[in-house]
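Me: I request a close look at one sheet of this model, together with the side chains and backbone angles that belong to it. Please then set that part in the context of the rest of the chain.

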Amino acid sequence: MQSPCLLHGTREVTAAAQQSSSFYGRPARLHTPLISDRRCKRHSGSTSQRQVVQMAGNTFGTAFCVTTWGESHGQGVGCVIDGVPPRLPISLEEIQLDLDRRRPGQSKITTPRKESDTCQIMSGLSPDGVTLGTPIMVLVPNKDQKSGDYKEISVAYRPSHADATYDFKYGIRAIAGGGRSSARETIGRVAAGAVAKKLLRHLFGAEVLAYVSAVREEVAVVDNSTFTSEQVEANPVRCPDAASAERMYAAIDEVRKRGDSCGGVVTCVVRRCPKGLGSPVFAKLEAELAKALMSLPATKGFEIGSGFEGSSMLGSDHNDEFYMADGEVRTRTNRSGGVQGGLSNGEDIVMRVAFKPTSTIARRQNTVSREGQDVELLAKGRHDPCVVPRAVPMVEAMVAITLADQLLQHFAQCELLPRAGAVGADTRVANQFRAGQNGVRELQPLEKE
């Protein structure tokens with residue numbers, strides 16, 4: 001069959017060549033396509049072809065780059081974090097703190113799988129806990145696998161799970177625990193997110209805080225500008241509205257007892273985010289955040305600011321009016337959710353992520369076998385009746401990784417040369433990377449010629 005040549009217009013690709021393992025290259029930095037050494041036959045006289053292969057989707061980020069690895073019932077899971085600036089103090093305990101928030105077996109409304117999720121830092125840190133600027137590898141061994149619980153799904157697909165689609169794509173899958181489609185993959189994200197949060201906090205005191213804002217029909221009432229991490233962690237649901245948290249817990253426990261599951265919503269707030277993060281058009285900050293959060297398991301929706309509710313408002317009601325406060329440009333309302341024109345404006349970034357009910361439930365369901373036969377399945381294994389309590393640190397992690405990545409890109413492009421003043425000059429933009437109490441080195445302005 002004929003298809004466009006990557007260099008000269010067209011190329012010939014045979015079915016055998018399409019199936020060749022040589023079409024698949026190893027992951028590359030910066031999402032650069034991998035190019036094999038097969039050259040175009042019609043233009044080089046060679047029988048080989050030139051083929052671009054995109055990376056396999058296990059790496060996120062451009063400057064702050066995170067690759068996760070491992071399967072749910074393999075020897076372990078983890079991540080490699082590349083692009084972390086050198087000289088950032090980070091301790092094993094800081095990373096472990098977020099992993100403990102994500103780990104299973106925390107209460108009866110989470111999966112009963114018992115894992116300590118104790119992390120090991122294999123590279124990238126000095127003995128006294130300072131980043132070297134080299135890749136940081138984090139390893140978390142798996143210890144409580146029960147692969148025998150997954151015999152049934154080796155021959156039948158769990159409804160709404162990734163079993164069938166992984167078979168459609170790869171023709172093979174890691175059956176026990178769901179492999180890469182398991183939420184256990186997010187251990188690497190949470191570990192990397194702890195490093196990203198430390199970077200954001202170290203440079204300008206930014207906070208990335210998430211909480212459960214809805215479970216089934218129960219919706220929490222929370223002041224997004226004042227809630228604290230202590231309030232979030234005060235109950236197993238991770239909702240700072242204590243009264244709503246009790247009703248959410250009861251709702252989750254009720255479906256758990258019936259062998260069913262339910263979904264919910266996680267709200268994430270970023271405070272003291274610097275202005276100007278993001279890029280126009282295809283790399284708008286809200287687009288990058290949406291991609292990051294929708295890559296988490298079980299996500300089905302994303303909103304920022306007014307979200308879908310804003311579509312029913314008038315412009316005169318929706319617009320966030322500007323005003324000056326202590327020499328800074330601020331907005332009186334925040335329906336934009338902290339992002340305008342794809343760039344952060346310095347206000348709180350407020351997002352909501354919808355999670356579907358857990359796919360694997362302890363109830364008989366109609367499905368199809370790998371041989372194409374209609375069958376009935378009663379899935380076993382240990383699963384969360386509702387994913388949102390443990391999703392809170394996952395959401396924080398992906399938001400922090402995205403912002404760290406955008407921060408490094410922004411600094412490289414926009415903060416190397418001196419800035420001229422602007423109407424309503426934003427002192428945070430001009431000074432956010434300068435020396436202060438956090439000890440960040442000041443950039444020296446260039447002398448005028």
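Reply: Helices and strands are here taken as DSSP runs, with at least four residues for a helix and at least two for a strand, and they are numbered from the N terminus. The model is predicted. On this basis the protein chain has 11 helices and 20 strands.

The sheet chosen for the close look is open and contains 5 strands, in the order β11-β10-β12-β18-β13, with antiparallel pairing. Its edge strands are β11 and β13, each of which pairs on one side only. In general, the strands of a sheet pair through backbone hydrogen bonds, in either a parallel or an antiparallel sense. Within this sheet, β12 (residues 264–271) and β18 (residues 349–355) are joined by 7 bridges in the antiparallel sense. One residue pair fixes the register: Val 266 stands opposite Val 353 in β18.

The side chains associated with β10 can be considered next. The structure as a whole holds 3 aromatic pairs. One of them is formed by Tyr 211 and Phe 227, with an edge-to-face arrangement, a centre-to-centre distance of 4.8 Å and 70° between the planes. The angle qualifies as edge-to-face because it is over 60 degrees. Tyr 211 belongs to strand β10 (residues 207–215), whereas Phe 227 sits in the loop between β11 (218–219) and α6 (229–232); the two are 16 residues apart, and the pair links distant parts of the chain.

Are these two rings buried or exposed? Tyr 211 counts as buried because its relative accessible area of 4% falls under 20%. Phe 227 has 2% relative accessibility and is therefore buried as well. Phe 227 also has a charged neighbour: Arg 271 lies over the face of its ring, at 4.8 Å from the ring centre. Arg 271 falls within the residue range of β12, the strand that pairs with β18. Phe 227 is thus engaged by Tyr 211 in the aromatic pair and by Arg 271 over its face.

The backbone offers two further points of interest at this sheet. Most residues other than glycine have a negative phi. Arg 216 departs from that pattern, with a positive phi near 50°. This residue lies in the loop between β10 and β11. Arg 216 has a relative accessible area of 44% and so counts as partly exposed. A second case is Ala 298, whose phi is positive, at about 75°, although the residue is not a glycine. Ala 298 is found in the loop between α8 (285–294) and β13 (299–304), and β13 is an edge strand of the sheet. With 21% relative accessibility, Ala 298 is partly exposed.

A positive phi also appears in a hairpin made of other strands. Strands β14 (residues 322–325) and β15 (residues 328–331) pair in the antiparallel sense over 4 bridges, and Ala 325 has Glu 328 of β15 as its bridge partner. The hairpin has 2 residues between its strands, and there Asp 326 takes a positive phi near 55°.

Another sheet may be set beside the one examined above. This open sheet also has 5 strands, ordered β5-β6-β7-β9-β8, with antiparallel pairing. Its edge strands, each pairing on one side only, are β5 (59–60) and β8 (120–123). Strand β5 is joined to β6 (residues 65–70) by 2 bridges, and the two run antiparallel. Thr 59 has Thr 67 as its bridge partner in β6.

Which covalent links between cysteines are present? A search of the whole structure finds 0 disulfides. Cys 119 is in no disulfide, and the nearest cysteine sulfur, that of Cys 79, is 9.2 Å away. That distance is not within 2.5 Å, so the two sulfur atoms do not qualify as a disulfide. Cys 119 is buried, with a relative accessible area of 3%. Cys 65 is likewise buried, with a relative accessible area of 3%.

For the chain as a whole, 47% of the 449 residues count as buried. Among contacts between residues at least 6 apart in sequence, 67% join residues at least 24 apart. The exposed area of the protein chain is about 22,600 Å², of which carbon and sulfur atoms supply 53%.

Note on methods. Residues numbered from 1 in each chain as written. Predicted model: local features only at pLDDT ≥ 70, side-chain atom pairs only at ≥ 80, totals over all residues. Heavy atoms only, no water. Buried < 20%, exposed > 50% of the residue type's maximum accessible area, 1.4 Å probe, protein only. Contact = heavy atoms within 4.5 Å. Areas by Shrake-Rupley, 256 points an atom, 1.4 Å probe, with all protein chains shown as cover. Phe/Tyr/Trp six-rings, centres within 6.5 Å; stacked < 30°, edge-to-face > 60°. Lys NZ or Arg CZ within 6 Å of the ring centre and 35° of its normal. Pairing = 2+ DSSP bridges.
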